[in-house]
Amino acid sequence: MIADIKTSRSGIWPETALQLAAYRYAEFYLDRERREQPLESLGITSAIGIWVRADDYDVVPIEASEEQFGKFLHIAVGARWQKNNGELIGAPIHPGGESAA
């Protein structure tokens, strides 16, 4: 099982499923000696969120499936594209045809 502890006032957010799926389907993890080990050797089959509050906690099952991992990868590609493509937008063009830059 893989688990994530959350302390948000509003509970566990849906994107936690994507986060846990990314952890669950990673190729490797670092062991205590900081050596890469195949993650599949851990045999993770389920995921939970633990919502901790000042007065109590809840243990919540999370769907961290291969489908959610696919969605994580899709979103990651979009986020990477957005971060790395700021140069696609040029400088404003002012009346008279002169660029602001």
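## The E4–E5 pairing

Start in the middle of the sheet: isoleucine 50 sits opposite valine 59 of strand E5. This is a predicted model, so keep that in mind for everything below. Next to that pair in the list of partners comes glycine 49, which faces valine 60 in E5. Strand E4 covers residues 47-52 and runs antiparallel to E5, with six bridges joining the two. To get from E4 to E5, the chain makes a hairpin through four residues.

## The rest of the sheet

What is the strand order of this open sheet? It goes E1-E4-E5, three strands with mixed pairing. The edges are strand E1 (2-6) and strand E5 (57-62), each of which pairs on one side only. From one strand to the next, the twist averages 20°.

The parallel part of the mix is E1 with E4, held over five bridges. One of the partnerships here is isoleucine 2 with alanine 47 in E4. As a general point, strands of a sheet pair through backbone hydrogen bonds, in either the parallel or the antiparallel sense.

## Helix and core

Helix H1 (residues 15-24) lies across E1, E4 and E5, and it runs at about 140° to E1. Is E4 mostly covered or mostly open? Mostly covered: five of its six residues are buried.

The largest nonpolar core has eight residues, namely Ile2, Ala17, Leu20, Ala21, Ile44, Ala47, Ile62 and Ala64. H1 supplies the largest share of this core, with three residues. Ile2 and Ala47 turn up again here as core members, having already appeared as bridge partners. Leaving aside residues up to four places away in sequence, alanine 17 touches Ile62, Glu63, Ala64 and Gln68. In soluble globular proteins, nonpolar side chains tend to be buried together.

## The chain as a whole

Zooming out, the chain has two helices and five strands, and along the sequence they follow the pattern β-α-β-β-β-β-α. The radius of gyration is 21 Å, well over the 13 Å that the globule rule gives for 101 residues, so the chain is more spread out than a compact globule. Its C-alpha atoms fill a box of roughly 65 × 40 × 30 Å along the principal axes.

How much of the chain counts as buried? The figure is 25% of the 101 residues. The accessible surface comes to about 8000 Å², and 56% of that belongs to carbon and sulfur atoms. As for contacts between residues at least 6 apart in sequence, 49% join residues at least 24 apart.

Key:
Residues numbered from 1 in each chain as written. Predicted model: local features only at pLDDT ≥ 70, side-chain atom pairs only at ≥ 80, totals over all residues. Heavy atoms only, no water. Pairing = 2+ DSSP bridges. Axes fitted to C-alpha atoms, helices over the stretch in contact; angles between N-to-C directions. Contact = heavy atoms within 4.5 Å. Buried < 20%, exposed > 50% of the residue type's maximum accessible area, 1.4 Å probe, protein only. Core = buried A, V, L, I, M, F, W, Y, C linked by side-chain atoms within 4.5 Å. Rg over C-alpha atoms; globule rule 2.2 N^0.38 Å. Areas by Shrake-Rupley, 256 points an atom, 1.4 Å probe, with all protein chains shown as cover.
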